Structure formats: structure tokens, C-alpha cells
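Please open the model in your viewer with the cartoon representation switched on, and keep the selection panel at hand. The tour moves from strands to a single side chain and then to a helix.

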Amino acid sequence: MKRLGLRLHHIARLLAGQAADLDRMLSMQNLTLQEQLGRTQRSLAIVEALRAKVAAGGLLSIEELLKLAKDTNMTDTSSDTIAWRRYEQARPRTEQKIDLALYADYNGYYLLDTLAYVITLRDGRLFSRLTGQAELEIFAKDVDRFFYKAVQAQLTFTRNESGAVSGLVLHQNGYEQAAPRVEESVVTALEEALAKRIKDKRPVENSKALLQEIIDQRQRREPDYEQMMPPLATAAREQSAMIQSDLERMGPLKDMSFKGVTDCGWDVYDVCFEKGRLEWSFAVAADGRFSGIFIRPSL
């Protein structure tokens, strides 16, 4: 099961006879492996092109070597690589003119784990909306490469062998997250289900137990970073001392009550400790890992 890509806590649930959406887990693993395969094939193509250039007596430029290094290290989660990506993603970018006819290629729907990107072409401009967030304009840096001015993030559109746009990659917070292109009906169903969950104030499955487990881990000083998506795990490690200090100041956990669901699908709880209260909100990825956790003073 580990070789299939399942996480340890999923394997534990299966061994204990608990229900688990195996098809959903394996589907997400399939998408991840397909993205890794595509990236490897692109890297091999770059390597072969560079070898051919060297064989013909040509000299390799720094830009060509950096392109190869960046492409082959997209999945590297070392602290140095993440720091370099953060710097690269935060640097200023200048809008470039590309053929406006290309904009129609990007118009469509993309699945980013449990959320969706809606890319809309309107009046010769391109706009991006992520489920539960405001629509923002994106600006061309090059063909298939766009950036935001409102936030430090970029989008790269990927194409299949026939040249059609088949997905996008979000570059943000030092990470690269792939989102395959999907039919409009997939996004409509996803957003309708979220709207109903918000209206009904319905938490995700085992929501309270998941939150209690992660608080217990922190109080024992044994956080399980494998239960978190890589961007969250990195942030949690960086903020570990502050989180630990806040929890120690609050004392033992007493109670928690569910408050509702945010527009982005995060479950929100009012958590009562012996010496105070905090509001905890969190999101869960399709594979069951935490994709986001936010803590603030309870209102």
C-alpha cells in the first residue's frame, strides 16, 4: 500500500477496517505520477537537446543550464530549494505582449486538489478565480506563462503532445502545484457541493477527531508532518516554536465546538483551553492530508 502512494494514516485506517475512499486516493496518486512522468519526459528532452548542441560544438549558456536545473528540481522539497523558489516567485515581473489569439487556449477549468481554477477570457484580458476566492487578472510573461500583480504567484499552462492546453501549474510559496484541465461539469459539481456544505454547516468526515489529533500531537511535541501537504508542512516547521509557545500558554485542551465552513471549504472551530480560547480552521486535501491550518484568537 505504501508503494501505491498511500499515507501511513490511510493505511492504518484500512488495517483497522475503517472506510476509506480508495478510488479517490488512487486517482490523485495517478494524477501526481502522470505529472511527474511528464516533467521527467520534458527534462529528458532538454537534456537531449543540450547534448546535441554540445556534440555540434556549441556552448551552453547559463540560462539553458538554469532551465534544466529548475525543471528537474520542481519536486525537490529541501529548504534551500524552497527558499530559492520563494525568491524567484517574489521577484518583479514585466508584462509582455503575446498573440491575443492564444488567450482562448487557456480559457477553461482546472482541478487543484479539492478546489478549482476558472480561467476566463473577457474583453481581451485573462482572469483567474480559485474556488472561494476573488477573481484576479493575470498578465502574460511569455507564451503559456502568466503572473499575478496582486499576489506573489504565477501560472504556467502546460500542453499535451498535440499542443492543446491540458493543465496549469501554480507557482507560489516556494512550491509548484499541478492542476489538470477538466470539464466545466466537474467544477460545477465541486462548487455546488461546497456551497451546500457551507449552507448546511457540515464539516468534513471525522473533522473534530482530525483537529483534536493535531492539537494533541502539538501538545505532546510530536507533530506528524507527514499528515500535511508539503507547503503546509514547511510552514508548520518554520512556525513550530511560536505554535508551541501559544499552546503551552493556553494549557490543556478542554473542549471544541464547530462554527461552520468558510467560502474556501475550511472547517472552523472554537477551541477552549484551560487558560483561553483560540479559533482553529483547517482544510483537508483529497488524499486526507491537511492542506491548510490557521490559528487566531477566538472572536
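Two strands are said to pair here if DSSP finds at least two bridges between them. With that in mind, and remembering that this is a predicted model, select β1 and strand β2 (residues 115-122), which run antiparallel and are joined by 5 bridges. Within this pair, highlight tyrosine 109, whose bridge partner in β2 is valine 118.

Keep β1 (residues 108-112) selected and add strand β8 (residues 175-182), with which β1 pairs in the antiparallel sense over 2 bridges. On this side, the residue to pick is tyrosine 110, since its bridge partner in β8 is arginine 181. In a regular strand the side chains alternate between the two faces of the sheet.

Now extend the selection to the whole run β1-β2-β3-β4-β5-β6-β7-β8, which forms a closed barrel of 8 strands with antiparallel pairing. Ignoring direction, neighbouring strands of this sheet are turned by 30° against each other on average.

Next, isolate strand β7 (residues 165-172) together with β8, an antiparallel pair joined by 6 bridges. Valine 169 stands opposite alanine 178 in β8, and in the hairpin of these two strands, which has 2 residues between them, asparagine 173 takes a positive phi near 55°.

Move then to the loop between β4 (136-142) and β5 (145-148), where aspartate 144 is found. Is aspartate 144 buried or exposed? Its relative accessible area is 13%, and because buried means under 20%, aspartate 144 counts as buried. Display side chains here: that of aspartate 144 makes a polar contact with the side chain of tyrosine 106 at 2.7 Å, and another with the side chain of arginine 159 at 2.9 Å. Leaving aside neighbours within four places in sequence, aspartate 144 is in contact with Leu155, Thr156 and Phe157 among others.

Finally, select helix α7 (residues 207-219), whose 13 residues reach 19 Å from the first C-alpha to the last, close to the 18 Å expected at 1.5 Å a residue. Colour its buried residues, which are Ser207, Leu210, Leu211, Ile214, Ile215, Gln217 and Arg218. They cover an arc of only 155° around the axis, and therefore lie on the same side of α7. To see what covers these buried residues, show elements including α8 (230-238), α9 (240-250) and β9 (253-261). The last stop is arginine 221, which follows α7 and has a positive phi, near 60°.

Note on methods:
Residues numbered from 1 in each chain as written. Predicted model: local features only at pLDDT ≥ 70, side-chain atom pairs only at ≥ 80, totals over all residues. Heavy atoms only, no water. Helix = DSSP H or I, 4+ residues; strand = E, 2+ residues; numbered from the N terminus. Buried < 20%, exposed > 50% of the residue type's maximum accessible area, 1.4 Å probe, protein only. Polar contact = N/O pair within 3.5 Å; in protein donor to acceptor, adjacent residues only side chain to side chain. Contact = heavy atoms within 4.5 Å. Expected span 1.5 Å × (residues − 1). Arc of directions from axis to C-beta. Axes fitted to C-alpha atoms, helices over the stretch in contact; angles between N-to-C directions.
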